[in-house]
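I opened the model to look up the ligand site and a few totals for the chain. My entries are below.

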Amino acid sequence: MSTSDDLVGGNVDPWLSVSEPDPPGHEPDLTHSVQIRNVKKAFGSFHVLTGLNLDFADNAITTVLGPSGTGKSVLLKHIVGLLEPDHGEVVVFGQDIWSVSERERQEIRKRFGVLFQDGALFGSMNIYDNVAFPLRKHTNKSETEIRKIVMERLEEVGLTRAVNKAPGEVSGGMKKRAGFARALVLNPSVVMFDEPDSGLDPVRTSLLNDLILKLHAEHGGTYILVTHDIRTARKVSDYVGVVWKGKLVHYGETEEAFNSELPFVRQFLSGDSVGPLGMD
Ligand SMILES: Nc1ncnc2c1ncn2[C@@H]1O[C@H](COP(=O)(O)OP(=O)(O)O)[C@@H](O)[C@H]1O
Ligand SMILES: [Mg+2]
């Protein structure tokens with residue numbers, strides 16, 4: 001980080017120093033592994049996405065914020081190829097995922113790690129087997145190699161003592177951490193989180209957010225997080241996109257979003273009951 005001392009000390013051109021360097025592991029580059037281009041999606045007559053555009057910055061954490069029911073989960077399902085847009089393109093690693101075969105889509109999907117809202121663990125498998133699952137399914141690694149990777153991942157999320165527990169025997173926070181370990185097990189270049197904070201108390205939310213930051217700093221990758229929790233967005237994001245009525249109404253660096261003059265963005269980010277956002 002540059003400090004004000006850098007600016008006054010010696011030969012540093014102050015104009016070159018105004019933007020602080022990103023901390024290690026947080027060096028967004030100008031390529032975009034995930035691009036949403038004018039995506040529209042309706043269920044029957046209900047229009048959820050109404051022309052959404054968003055290029056996610058690589059190697060950065062981008063949060064998509066929006067009220068409940070705005071289509072955040074629907075957006076993630078488009079990115080992983082579980083939903084097909086009615087209109088527009090989902091371009092992943094430079095390819096429109098709906099112009100390729102189902103088999104190619106599945107190959108693309110292997111490069112994603114996804115943490116769904118409830119961790120989406122298999123109830124019949126213990127934590128260890130849940131985390132090992134993608135390795136057993138998608139690689140030819142031996143059980144010895146798998147054990148090494150799984151234990152490393154479980155260590156990172158602080159779950160080595162819960163390996164033999166069933167998902168039903170551990171807390172909500174532990175389930176999310178196990179889901180996180182599983183999402184990272186194939187070294188994905190894109191990691192997506194659907195409301196990682198849902199159902200957690202503020203302390204556990206904060207701990208999970210710390211974990212997201214720590215693992216991103218260590219492994220890098222393009223992280224896409226959707227949430228309606230403003231504190232989570234503020235704490236973990238490099239960039240914030242705000243979705244309202246099926247469109248992106250704001251996109252920028254985190255502080256910029258929190259300083260936005262747009263009435264909806266202001267109201268949503270300040271949690272104010274007065275403004276364009278009502279109960280409907
Ligand atoms: N498969 C589906 N069929 C019909 N309606 C759906 C489907 N998936 C989502 N919806 C509707 O789309 C809207 C947006 O849902 P969602 O993306 O889950 O919102 P959120 O922003 O809270 O994640 C909701 O009203 C939801 O009921
Ligand atoms: Mg959702």
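These entries go from the whole chain to the ligand site.

Conventions: I worked from a predicted model, where local features need pLDDT of at least 70 and side-chain atom pairs count only at pLDDT 80 or more, while totals for chains, interfaces and linings use all residues. Residues are numbered from 1 along each chain as its sequence is written, chains are lettered from A and ligands numbered from 1 in the order written, and side-chain values use heavy atoms, without hydrogens and water.

Chain: I found eleven helices and ten strands, taken as DSSP runs (helices H or I, at least four residues; strands E, at least two) numbered from the N terminus. Of the 280 residues, 46% count as buried, meaning under 20% relative accessible area with a 1.4 Å probe, protein chains only.

Shell of ligand 1: I listed residues with a heavy atom within 4 Å of the ligand. Phe43, Phe46, Val48 and Pro67 are among them, as is the run Ser68, Gly69, Thr70, Gly71, Lys72, Ser73 and Val74. By class I noted five nonpolar, five polar and one charged, with Gly counted as polar. H3 gives the largest share, three residues; strand S2 (46-58) and helix H3 (72-79) each supply at least two.

Polar contacts (N or O pairs within 3.5 Å): I looked up three oxygen distances of ligand 1. A polar backbone atom of Gly69 is at 2.7 Å, a backbone N or O atom of Gly71 at 3.0 Å, and a polar side-chain atom of Ser73 at 2.9 Å. Alone, ligand 1 exposes 560 Å², and the protein buries 59% of that (Shrake-Rupley method, 1.4 Å probe).

Notes
A polar contact is a pair of N or O atoms within 3.5 Å; within protein, one must be able to donate a hydrogen and the other to accept it, and residues adjacent in sequence count only if both atoms are side-chain atoms. Buried means under 20% relative accessible area, exposed over 50%, partly exposed in between (1.4 Å probe, protein chains only).
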